[in-house]
Amino acid sequence: MNTNGSNLSTNTRINEFTNKRIHESGNRKSCFVDVILPLPLSQTYTYRVPVEFQDDVAIGKRVEVQFGKKKIYSAIIKEIKYVSPELYEAKNLISVLDEAPIVYEQHIQLWQWIAEYYMCTLGEVMNVALPAGLKLSSETSIMLHPEFDLENTELSEKEYLIIEALRYQGELSLKKVSEILDVKTIYPIIRSLINKSVVFTTEELIKKYKPKRAFFIELSEEYLIKEKLETAFQELERAPKQLELLMSYININNSLESSNGNVINREIKKSVLLNESNISAAALKGLVNKGIFNLIEKDVDRLVNEDSDELSELVLSGSQTECLNEIHNMFEKQNVVLLHGETGSGKTEIYIKLIKETLAKGKRALYLLPEIALTTQIINRLRKHFGDKVGVYHSKFNDNERVELWNKVLKGEIEIMLGARSALFLPIERLGLIIVDEEHENTFKQFDPAPRYNARDTAIYYSQVTDTKVLLGTATPSIENFYNAQIGKFCYVRLSERYGSVKLPEIVTVDLIEEIRKRKIRSHYSSVLINHITEALNNKEQVILFQNRRGYVPFLECSSCGFVPHCNNCDVSLTYHKFARQLRCHYCGAAQNASSDCLACAQQTYELKGFGTEKIEDELKVFFPDATIKRLDIDTTRSKYSYEKILNDFDEREIDILVGTQMVTKGLDFAHVSLVGILSADSLLNFPDFRAFEHAYQLMAQVSGRSGRKNKRGKVIIQSYQPEHPIIRFVLNNDYLGMYDHLIKERKNYKYPPFYRLVKITLKHRDIRILNLAMGRLRYMLHKKFAGKILGPEFPPIKRIKNRYLKNILLKLEKNASVKAAKSDLSDILQEYRTQKENRVVTVHIDVDPM
């Protein structure tokens with residue numbers, strides 16, 4: 001394959017290739033390729049393959065092509081053929097970029113299905129599927145890598161020329177690089193520089209790998225002498241907790257005796273010492289401040305198995321073994337099984353057994369999670385059983401890491417892939433098992449940009465293409481999938497017993513109206529919740545508090561004139577963030593400094609309305625000054641390793657109370673959590689959506705499951721103004737079937753999933769008048785074909801976001817009718833709609849199966 005740069009112009013090269021084809025036309029047919037471009041285009045494009053590259057082209061390889069007059073892209077070969085296009089003269093492709101395909105044919109088939117089912121383009125699917133480093137274009141820019149070492153890197157003449165230009169200009173577009181080198185074929189050169197870590201593309205975030213860090217404790221050098229240590233014992237008699245901690249250190253270390261009578265000093269992990277002694281970090285801090293202990297932070301190997309009990313062979317309980325055997329039997333019948341297991345029932349152990357069986361057959365496994373936060377805990381558990389066979393892939397990785405992992409998967413170096421929804425696109429060969437954990441979560445659905453696909457449903461389709469087994473695991477199945485299991489579309493397995501026979505948590509509801517009437521409530525916390533938090537902390541146990549709203553308060557309101565600060569770009573109030581002293585929009589990201597003066601009347605009479613996680617954290621520090629309190633929400637987890645740090649700290653009992661949004665509800669497993677508090681159940685129940693009750697049940701049941709998972713029964717406190725609400729009663733009684741029966745009737749009566757399929761069409765424009773007119777025209781066109789199946793048009797609850805008004809139409813399509821035909825009709829209507837000049841100014845978004 002010719003990947004070397006050339007000083008010839010593109011036209012000269014094309015002429016040479018044309019002459020070669022003339023001479024060789026008697027021996028070779030003209031070869032063409034249909035390629036997918038990383039652009040929102042409704043079709044593929046055909047390019048002629050020069051004779052020089054005909055032996056190199058293959059489906060799934062990238063090729064360098066010119067699109068339009070000047071722009072150059074890397075495209076994926078979708079099809080190889082020997083018939084030229086009839087409507088236009090095919091351009092020559094410029095070069096073949098890969099020695100082997102970077103995606104397989106079954107993945108391109110998956111892309112095609114996503115494009116058709118979710119009504120988007122192949123280019124949009126390609127953009128989501130591939131890391132940015134594999135989608136270079138002439139508009140991409142490069143910069144010098146901060147760790148580039150010129151002296152220890154071998155460079156070609158052209159590569160050195162690029163380095164010199166970057167040192168002078170700082171950043172170069174690929175178009176500029178082409179001009180500097182006076183060549184068109186620059187992608188192989190750029191790829192070489194990226195592989196040598198000389199440059200990076202500007203799509204990438206510069207984040208170096210951070211090793212896992214841990215704190216260790218050792219005795220200070222002067223206390224290694226036995227007499228000095230005995231003096232310390234006497235000095236600590238007035239600080240009994242510190243004395244007890246020092247004795248625990250010595251007992252764990254078993255180091256009082258040595259050959260010369262002094263103490264042998266060994267490091268002990270801080271978390272181990274605190275867990276074994278059951279003493280707070282405050283006592284440890286006192287010993288460090290007194291110079292008795294040294295606190296050392298060190299790198300630790302992520303793959304080291306520190307707990308001997310976890311190194312042993314995985315042993316399933318009787319109910320787990322029975323469940324695993326039933327899954328085996330079901331996989332004989334169908335490829336998709338729904339595992340309905342209680343929280344804390346040990347579903348992860350069953351996943352691990354299934355993965356081991358899959359690897360033993362020479363196949364690979366894909367483990368999909370709804371949240372990046374979950375990967376921290378799960379990766380540690382998997383690596384204790386599988387070591388470096390496990391890889392992780394998600395959006396927090398920068399593009400260098402993504403490309404590196406992509407290439408490792410291509411080479412077959414990773415046998416188990418763990419990740420969020422984008423991991424589904426990885427080029428895994430011999431895939432034998434896909435696990436979709438917490439299958440009910442709506443975060444498996446991509447909302448923006450297109451394709452607006454659901455990774456769970458896409459995995460189910462993909463299993464048909466690759467004959468792969470799919471296990472959908474959850475404690476609270478989505479109504480659609482539970483219905484599918486009931487009608488026999490999927491197989492169904494129930495795991496109703498918690499691991500270790502631990503009882504489900506005791507759930508207590510608190511009537512906030514009564515608490516307020518009796519004046520027992522303190523701020524937003526009932527007396528029942530405060531008392532149970534106090535009891536848990538006294539017992540050295542941990543607490544999780546759930547409030548599904550971040551920030552300090554949702555909005556400020558002036559008591560003098562009623563003014564509420566709103567976002568200038570969106571029709572929504574600004575959320576007050578106290579610690580940043582800002583008012584922020586959670587939709588467009590706009591922020592302004594918070595002032596105590598009302599912007600309308602200038603009076604200092606702003607009142608705080610509602611409460612978010614930030615306010616809870618702030619107030620609890622007043623109620624429980626000795627407790628360590630942290631938050632887990634988007635604001636505290638923006639950096640790459642922030643999830644891991646907070647969850648590790650909580651797991652190692654360095655945090656007493658964890659306050660969080662939905663992040664704390666999803667599959668986390670902590671041994672010492674005895675109490676969970678749901679501060680405002682009503683905010684979940686009163687959401688204007690047909691899935692609100694289902695999601696409310698799932699969130700409350702899932703967060704309740706975080707309590708009492710090891711050895712001791714936990715407790716859950718649910719605060720509500722309507723404690724007799726049917727959904728709260730279903731949670732109280734752990735009655736999923738009751739909730740399902742209650743909601744499935746409504747879904748059928750009002751024509752919602754699982755009995756109907758939904759397609760949401762959203763129009764956007766800056767001018768509400770133009771938007772209304774455009775929507776009127778669209779509704780008229782839709783009504784001709786879909787009369788009686790249209791809901792709307794209507795504005796969403798927040799009708800303006802980022803200075804663009806939104807309006808929705810919802811199509812309800814019968815399941816027993818041809819959904820494919822209906823989508824074809826809809827595509828035709830939208831194509832005709834877009835051809836009308838007055839409609840071209842409006843943005844059209846299509847969301848199939850909206851969540």
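Which residue of strand 18 does valine 337 stand opposite? Valine 337 stands opposite leucine 471 in strand 18, and this pairing belongs to one of several elements described below.

The structure is a predicted model, in which local features need pLDDT of at least 70 and side-chain atom pairs count only at pLDDT 80 or more, while totals for chains, interfaces and linings use all residues. Residues are numbered from 1 along each chain as its sequence is written, and side-chain values use heavy atoms, with hydrogens and water left out.

**The chain as a whole**

The protein chain holds 27 helices and 35 strands, where helices (H or I, at least four residues) and strands (E, at least two) are DSSP runs numbered from the N terminus. Of its 851 residues, 53% count as buried; buried means under 20% relative accessible area, exposed over 50%, and partly exposed in between, with a 1.4 Å probe and protein chains only. The accessible surface of the protein chain comes to about 38900 Å², and 46% of that belongs to carbon and sulfur atoms; such areas come from the Shrake-Rupley method with a 1.4 Å probe, and for residues only the protein chains shown count as cover. Among contacts (heavy atoms within 4.5 Å) between residues at least 6 apart in sequence, 76% join residues at least 24 apart.

**Strand 13 and its partners**

Strand 13, residues 336-341, is mostly covered, with six of its six residues buried. Val336, Leu338 and His340 lie on one side, and Val337, Leu339 and Gly341 lie on the other, so that both faces are covered. Two strands pair if DSSP finds at least two bridges between them, and the table gives two pairings of strand 13 together with one of strand 24.

| Strands | Bridges | Direction | One facing pair |
|---|---|---|---|
| Strand 13 and strand 18 (residues 469-474) | Five bridges | parallel | Valine 337 and leucine 471 |
| Strand 13 and strand 19 (residues 491-495) | Five bridges | parallel | Valine 337 and cysteine 491 |
| Strand 24 (residues 582-584) and strand 25 | Three bridges | antiparallel | Glutamine 582 and asparagine 593 |

**An open sheet**

Three strands form an open sheet in the order 23-24-25, with antiparallel pairing. Its edge strands are strand 23 (575-577) and strand 25 (591-593), each of which pairs on one side only. From one strand to the next the twist averages 30°, an angle between N-to-C directions that can run from 0 to 180 degrees, taken with axes that are lines fitted to C-alpha atoms.

**Helices, buried and partly exposed**

Helix 21 (residues 642-651) is largely enclosed by the rest of the structure, because eight of its ten residues are buried. Among them are Tyr643, Glu644, Asn648 and Phe650. Just after helix 21, arginine 653 takes a positive phi of about 65°.

Glutamine 698 lies in helix 23, residues 692-704, and counts as buried at 3% relative accessibility. Leaving aside its neighbours within four places in sequence, glutamine 698 is in contact with His440, Thr476, Pro477 and Ser478.

Isoleucine 516, by contrast, lies in helix 18, residues 512-517, and is partly exposed, with a relative accessible area of 41%. Together Ile513, Ile516 and Tyr721 make a nonpolar surface patch of about 290 Å². Patches are made of residues with over 30% relative accessible area and no salt bridge, with like charges joined within 9 Å and nonpolar side chains (Val, Leu, Ile, Met, Phe, Trp, Tyr) within 5 Å; a salt bridge is a side-chain nitrogen of Lys or Arg within 4 Å of a carboxyl oxygen of Asp or Glu.
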